[in-house]
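Biologist: Before we look at anything, could you show me how to read salt bridges in a model that is new to me?

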Amino acid sequence: MRKAVNADFKSMLRESKDITSTCRWAKVKENFRSDPRYKAMKHEERETIFNEYIVELKSAEQEAEQAAKAKVDEQAKLKERERETRKRKEREEQEMERVKMKIRRKEAVSSYQALLVEMIKDPKASWTESKPKLEKDPQGRARNPDLGQGDAEKLFRDHVKDLYERRVRDFRALLSEVITPEVAARTTDEGKTAINSWSEAKGLLRSDLRYNKLASKDRESIWRRYADDLTRKLRQSDTKEKEKDKPDTDGKQLRSSDPPRRR
């Protein structure tokens, strides 16, 4: 019976919407005086049961707060995981896009360089005159959007520079093939040779296509450097030959310094 009375008293307290964990018995007991469950409880036990109920309320509130906090924490962790996942996905997509752009640019550069090889044969070609012709390419290789700003002009200038350097290399190869030390040693009645007279050198070189491909303004200066280098080598070689042919006097000097024999 006592347990039943206690249970009924707590049920009465639970039914009240005004009781919170901060309430005091002295402040709320007047609200229950007319309730039979209040009257059924002994006077000295009412506040004790009420305090027990307050403890239960506080415990329930703490549990609710902990559960709410745990839920908030879990939601925060979930959002953080989602944010990290999104960031990782964005990074992967950006990296993939960078790789694709790099591949597309490499292909665009390769295609444009092939166009330059097809159309630009003269190292003296100018960018201003060549650009409209290149842009008429039916494959659109000069207007490829994957070419960076300024790439087309830079690649053009690199191409004509390479053309020029290739012709210079070919001309130097021609010089070394035609103007050999033996040829350089031949002298005309006027004292001209292939390494001291550009007119003499031209006569030997003019028939070769490599001579005609190089701009006339560059031929003589490159020949001059080659001739100076060959002249220096011939002098060094001549000096070494003379040193070989020079008589050895060291032995004679040693013999003249020998002490006289006794008679």
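**Reading the salt bridges**

Modeller: Let us begin with the overall count, keeping in mind that this is a predicted model: a search of the whole structure finds 26 salt bridges.

Biologist: What can side chains of opposite charge do when their charged atoms come close?

Modeller: The general idea is that side chains carrying opposite charges can pair once their charged atoms come close. In this structure, Arg81 and Glu74 form such a salt bridge, and their closest N and O atoms are 3.4 Å apart.

Biologist: How does Arg81 count by its relative accessibility, and how does Glu74 count?

Modeller: Arg81 counts as partly exposed because its relative accessibility is 42%, and Glu74 counts as partly exposed because its relative accessibility is 43%.

Biologist: Which side chain does Arg104 meet in a salt bridge?

Modeller: Arg104 meets the side chain of Glu97, with a distance of 3.4 Å from N to O. Arg104 has a relative accessible area of 30% and is therefore partly exposed, while Glu97, at 36% relative accessibility, also counts as partly exposed.

Biologist: What is the N to O distance in the salt bridge between Asp208 and Arg210?

Modeller: For the side chains of Asp208 and Arg210, the distance from N to O is 3.0 Å. Asp208 counts as partly exposed at 23% relative accessibility, and Arg210 counts as partly exposed at 22%.

Biologist: Which residues are joined into one network by salt bridges that share partners?

Modeller: Lys10, Arg14, Glu52 and Glu56 are joined in that way, through salt bridges with shared partners.

Technical notes. Residues numbered from 1 in each chain as written. Predicted model: local features only at pLDDT ≥ 70, side-chain atom pairs only at ≥ 80, totals over all residues. Heavy atoms only, no water. Salt bridge = Lys/Arg side-chain N within 4 Å of Asp/Glu carboxyl O. Buried < 20%, exposed > 50% of the residue type's maximum accessible area, 1.4 Å probe, protein only.
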